[in-house]
Amino acid sequence: MAGLKFCNSSAESLDRLYPAVGSSKPPRKRTTSQCKSEPPLLRTSKRTIYTAGRPPWYNEHGTQSKEAFVIGLGGGSASGKTTVATMIIEALDVPWVVLLSMDSFYKVLTKQQQEQAASNDFNFDHPDAFDFDLIIATLKKLKQGKSVKIPIYDFTTHSRKKEWKTLYGANVIIFEGIMAFADKELLKLLDLKIFVDTDSDIRLVRRLRRDISERGRDIEGVIKQYNKFVKPAFDQYIQPTMRLADIVVPRGSGNTVAIDLIVQHVHSQLEERKLRWDMAALASAHQCHPLPQTLSVLKSTPQVRGMHTIIRNKETSRDEFIFYSKRLMRLLIEHALSFLPFQSCTVQTPQGQDYEGRTYSGKQITGVSILRAGETMEPALRAVCKDVRIGTILIQTNCNTGEPELHYLRLPKDISEDHVILMDCTVSTGAAAMMAVRVLLDHDVPEDKIFLLSLLMAEMGVHSVAYAFPRVKIITTAVDKKVNDLFRIIPGIGNFGDRYFGTDAPPDWSDDEDALST
């Protein structure tokens with residue numbers, strides 16, 4: 001196995017920051033053949049991987065059935081860790097990958113430390129320079145599939161910016177940094193530890209180029225910092241962690257053999273951690289079950305039945321389709337508002353008399369539409385809810401994997417305190433709806449404050465959503481019993497977005513085509 005060096009399992013204990021390698025526990029088996037985050041997307045030469053995307057496949061409790069596979073990538077400053085990470089991501093060619101950089105987690109400096117940093121007299125290559133508590137808490141949440149807030153560090157001013165960026169959980173998380181193996185608790189979160197071993201002269205040249213061109217430093221300051229802090233820190237804190245790694249990659253990004261073996265190992269791990277549901281099996285499991293109690297269907301009055309007759313008719317003109325769809329949306333939203341919490345209140349009429357009435361007892365109502373069909377329901381919501389806030393979520397299918405991905409997200413601030421009306425016009429399998437609910441939960445919206453509204457749902461989608469999220473209220477105007485092999489609702493309504501907007505549906509359209517969720 002040319003290009004790979006393997007770890008010494010009998011190494012002595014390191015500094016107190018590191019776990020004892022030669023403990024009573026048997027050494028971890030090494031293997032040869034199994035072997036700067038910029039959300040929301042990371043561009044590679046082969047494809048675009050949406051790091052804000054996430055699969056909707058969860059267990060019966062609405063959570064991921066398996067934790068993410070976490071790769072720790074350590075090595076000296078400018079050793080090529082980020083390049084190796086990007087090459088691994090490209091070679092993996094799978095969705096749901098997050099690249100998390102340790103550089104984001106430098107501690108906030110005091111005024112005195114800021115002055116030292118400005119004169120290149122502060123040691124950024126010491127373990128004490130990093131906020132390990134925040135790193136560990138962040139990585140734990142990501143590993144559980146939750147969203148996190150990542151600080152943004154400004155290397156020109158040696159300070160954190162006011163803005164934080166949001167990162168979402170994934171199937172694979174790559175955590176890279178010079179001190180990636182420098183903490184006992186952090187090491188426990190890493191499923192695979194890789195050390196990038198690059199010659200010191202090459203690292204110095206790379207650091208000079210990077211710090212001068214990207215971080216506004218002068219050559220004298222960079223060399224001074226390297227000799228005073230970087231090199232001693234590598235010898236004392238970083239190089240010794242090589243013995244903790246599962247795989248050592250000499251020459252960094254030039255070692256394609258090692259990277260290929262790493263990719264093979266990660267692929268095998270992902271096969272063991274499959275999160276995908278068999279939707280056909282799910283439909284079969286629920287076909288004899290009664291509809292869940294969390295479902296509320298608008299009463300099928302002659303008026304409602306008549307409007308359904310019109311919009312389901314393939315001969316209906318676009319103008320009529322839009323008109324009667326809007327009427328149904330208004331009735332649906334009015335019905336949904338009756339499930340919001342209300343409390344008694346007394347007002348005085350113009351005649352000076354008291355009137356015992358009711359008033360909404362929540363803080364605020366927010367509507368969130370699943371693009372593109374869901375946005376057609378926004379005018380009806382605005383018509384009955386004054387000053388309602390609106391958010392949007394765009395979910396589309398990855399053409400290579402067939403799985404939904406979150407491509408765009410815009411939610412109002414403090415949405416966690418609101419009652420949220422989640423809108424999509426048709427729900428077939430429920431995949432897009434489940435993904436949207438997960439996004440809301442990631443933003444701390446309580447499950448029992450989420451109301452999923454749809455003009456038409458299939459029983460399969462109803463059961464899927466209710467099974468994963470038993471406290472989400474599901475509200476619709478009609479439920480059809482069947483979904484065919486192409487996940488079309490039968491008898492259905494057609495492709496709502498294409499009929500509403502007057503666009504042409506592709507031959508393989510489905511009822512959830514607007515969210516591309518099947």
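Which backbone oxygen does the side chain of S454 reach? The figures below show a predicted model, and the first close-up gives the answer.

**Figure 1. Serine S454 and its surroundings in the predicted model.** The side chain of S454 reaches the backbone oxygen of D424, at 3.0 Å. A polar atom of the same side chain lies 3.4 Å from the backbone nitrogen of T426. S454 belongs to strand 18, which covers residues 450–454. With a relative accessible area of 0%, S454 is buried, because the limit for that class is under 20%. Leaving aside neighbours within four places in sequence, S454 is in contact with L332, D424, C425, T426, V427, I475, T476 and T477. D424, named above for its backbone oxygen, is thus listed among these contacts.

**Figure 2. An open sheet of 3 strands with a helix lying across it.** The strands follow the order 17-19-21 and pair in parallel. Strand 17 (426–427) and strand 21 (479–480) form the edges, each pairing on one side only. Strand 19, made of residues 456–458, runs parallel to strand 21 and is joined to it by 2 bridges. One residue to look for here is A458, whose bridge partner in strand 21 is D480. Helix 13 (residues 459–468) lies across strand 17, strand 19 and strand 21. Relative to strand 19, helix 13 runs at about 80°.

**Figure 3. An open sheet of 5 strands, also paired in parallel.** The strand order is 4-7-3-8-9. At the edges are strand 4 (97–101) and strand 9 (247–250), and each of these pairs on one side only. On average, neighbouring strands of this sheet are turned by 20° against each other, direction ignored. Strand 3 (residues 69–75) and strand 8 (residues 192–197) are paired in the parallel sense over 5 bridges. I71 has L192 of strand 8 as its bridge partner. Helix 1, which spans residues 81–92, lies across strand 3, strand 4, strand 7 (172–176) and strand 8. The angle between helix 1 and strand 7 is about 165°.

**Figure 4. Alanine A258 in helix 7.** Helix 7 covers residues 256–272. A258 counts as buried, at 1% relative accessibility. V248 is 10 residues away from A258 along the chain, and the C-alpha atoms of the two are separated by 8.4 Å.

**Figure 5. A salt bridge between D418 and R389.** Side chains of opposite charge can pair when their charged atoms come close. The side chains of D418 and R389 meet at 2.5 Å, N to O. D418 lies in the loop between strand 15 (404–410) and strand 16 (419–423), while R389 is in strand 14 (residues 389–397), so the salt bridge ties together parts that are 29 residues apart in sequence. D418 is buried, with a relative accessible area of 1%. R389 counts as partly exposed, at 23% relative accessibility.

**Figure 6. A salt bridge between D387 and K386.** The side chains of D387 and K386 meet at 3.1 Å, N to O. D387 is exposed, with a relative accessible area of 58%. K386 is exposed too, at 73%. Both residues are placed in this class because their values are over 50%.

**Figure 7. A salt bridge inside helix 10, between R330 and E334.** The closest N and O atoms of R330 and E334 are 3.7 Å apart. Both residues lie in helix 10 (residues 318–337), with 4 residues, about one turn of the helix, between their positions. R330 counts as partly exposed, at 39% relative accessibility. E334 is likewise partly exposed, with a relative accessible area of 39%.

**Figure 8. The whole chain, for placing the close-ups.** The chain has 14 helices and 23 strands. Of its 518 residues, 54% are buried. The area exposed by the chain is about 23600 Å², and carbon and sulfur atoms supply 50% of it. In total, the structure holds 13 salt bridges. Among them are the pair D418 and R389, the pair D387 and K386, and the pair R330 and E334.

Methods: Residues numbered from 1 in each chain as written. Predicted model: local features only at pLDDT ≥ 70, side-chain atom pairs only at ≥ 80, totals over all residues. Heavy atoms only, no water. Salt bridge = Lys/Arg side-chain N within 4 Å of Asp/Glu carboxyl O. Buried < 20%, exposed > 50% of the residue type's maximum accessible area, 1.4 Å probe, protein only. Areas by Shrake-Rupley, 256 points an atom, 1.4 Å probe, with all protein chains shown as cover. Polar contact = N/O pair within 3.5 Å; in protein donor to acceptor, adjacent residues only side chain to side chain. Contact = heavy atoms within 4.5 Å. Pairing = 2+ DSSP bridges. Axes fitted to C-alpha atoms, helices over the stretch in contact; angles between N-to-C directions.
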